[in-house]
Amino acid sequence: MKKKNTTWLNLANKVLSGMMVLLGFNGCSGEAPCMYGSPYALHTIKGKVENNSGSAIKGIQVICNAKNSWIKPDTLLSNQNGEFIFKSEHTFTEATYKFICKDIDGDTNGSYKNDSIEVEFKKSDLSNGKDWFEGEATKNVTIKLSENDK
């Protein structure tokens, strides 16, 4: 009796294994993409720091922090034209970045109050995505700083 049961079990295992192999190969039509990981997106923020009269301010420290994220803050300096560029390959397609501007050079280029701005990316902002890469988006921002009271 014991030999009969093991024979049937072995036969059932072979039949089921064969069916699973056939179903597995049949489920893959064409070339299978190699996709390991999670969706991500490329966010680019092009910013300009100006005073209230619209003149560019160079040498302003811009600290970028992705809100509700594991990404560490990044620190940039505005260039001669008051411009900065921040790029982030983010694992979430939607993200909000906070930019904090600080005048760190004293009176060299004038004395300005600290200020901040938030930039938000939605999934609808993204384009040119494929597979896990959800796409890329660029936003332009202008940050106006007020002069310190003398």
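**Exercise 1. Contacts of F84**

Leaving aside its neighbours within four places in sequence, with which residues is F84 in contact?

*Solution.* The model under study is predicted.

Step 1. Exclude the neighbours of F84 within four places in sequence; the remaining contacts are I45, K46, G47, K48, V49, V62, L76, L77, F99, V141 and I143.

Step 2. Place some of these contacts on the strands. Strand β1 spans residues 40-51 and strand β7 spans residues 133-145, while strand β4 covers residues 83-90. The bridge partner of G47 in β4 is F84.

Step 3. Relate F84 to the core. The largest nonpolar core has 24 residues, and F84 is among those that touch the most other members, together with I45, V49, Y97, F99 and L145. At least two residues of this core come from each of β1, β2 (60-66), β4, β5, β6 and β7.

**Exercise 2. Overall composition of the chain**

Determine how many helices and strands the chain has, and in which pattern they follow one another.

*Solution.* Step 1. The chain contains 1 helix and 7 strands.

Step 2. Along the sequence, the pattern reads α-β-β-β-β-β-β-β.

Step 3. Global values complete the description. Of the 150 residues in the chain, 27% are buried. Among contacts with a separation of 6 or more, 64% are accounted for by residues 24 or more positions apart. The exposed area of the chain is about 10,500 Å², of which carbon and sulfur atoms supply 52%.

**Exercise 3. The sheet that contains β1**

Establish the strand order of the sheet that contains β1, and state which strands stand at its edges.

*Solution.* Step 1. Three strands form an open sheet in the order β4-β1-β7, with mixed pairing. β4 and β7 stand at the edges; each has a single partner strand, so one side of each is left without a neighbour in the sheet. From one strand to the next, the twist averages 15°.

Step 2. Examine the two pairings. β1 and β7 run parallel and are joined by 12 bridges, whereas β1 and β4 run antiparallel and are joined by 8 bridges. In general, strands of a sheet pair through backbone hydrogen bonds, either parallel or antiparallel.

Step 3. Locate individual residues in the pairings. In β7, V141 stands opposite G47, and I143 stands opposite V49. On the β4 side, G47 has F84 as its bridge partner.

**Exercise 4. The sheet that contains β5**

Which strands form the open sheet with antiparallel pairing, and in what order?

*Solution.* Step 1. The order is β3-β2-β5-β6, an open sheet of 4 strands. Because β3 (74-77) and β6 (115-121) each have a single partner strand, they stand at the edges, and one side of each is left without a neighbour in the sheet. The twist averages 25° from one strand to the next.

Step 2. Between β5 and β6, the antiparallel pairing extends over 7 bridges. One residue of β5 is T96, whose bridge partner in β6 is E120.

Step 3. Follow T96 further. Apart from neighbours within four places in sequence, T96 is in contact with N65, A66, K67, E118, V119 and E120. T96 and N68 are 28 residues apart in sequence, and their C-alpha atoms are 8.1 Å apart in space.

**Exercise 5. Two loop residues**

Locate T93 and I104, decide whether T93 is buried or exposed, and list the contacts of both residues.

*Solution.* Step 1. T93 lies in the loop between β4 and β5 (95-103). Its relative accessibility is 14%; since buried means under 20%, T93 counts as buried.

Step 2. Beyond neighbours within four places in sequence, T93 is in contact with A41, H43, F121, K122, K123, L126 and E134.

Step 3. I104 is placed in the loop between β5 and β6. Not counting residues up to four places away in sequence, I104 touches G59, Q61 and L77. I104 and N114 are 10 residues apart in sequence and 9.7 Å apart in space, C-alpha to C-alpha.

**Exercise 6. Cysteines**

How many disulfides does the structure hold, and are C64 and C101 buried or exposed?

*Solution.* Step 1. The structure holds 0 disulfides.

Step 2. C64 has 1% relative accessibility and therefore counts as buried. C101, at 0% relative accessibility, also counts as buried.

Technical notes
Residues numbered from 1 in each chain as written. Predicted model: local features only at pLDDT ≥ 70, side-chain atom pairs only at ≥ 80, totals over all residues. Heavy atoms only, no water. Pairing = 2+ DSSP bridges. Buried < 20%, exposed > 50% of the residue type's maximum accessible area, 1.4 Å probe, protein only. Contact = heavy atoms within 4.5 Å. Axes fitted to C-alpha atoms, helices over the stretch in contact; angles between N-to-C directions. Areas by Shrake-Rupley, 256 points an atom, 1.4 Å probe, with all protein chains shown as cover. Disulfide = S-S within 2.5 Å. Core = buried A, V, L, I, M, F, W, Y, C linked by side-chain atoms within 4.5 Å.
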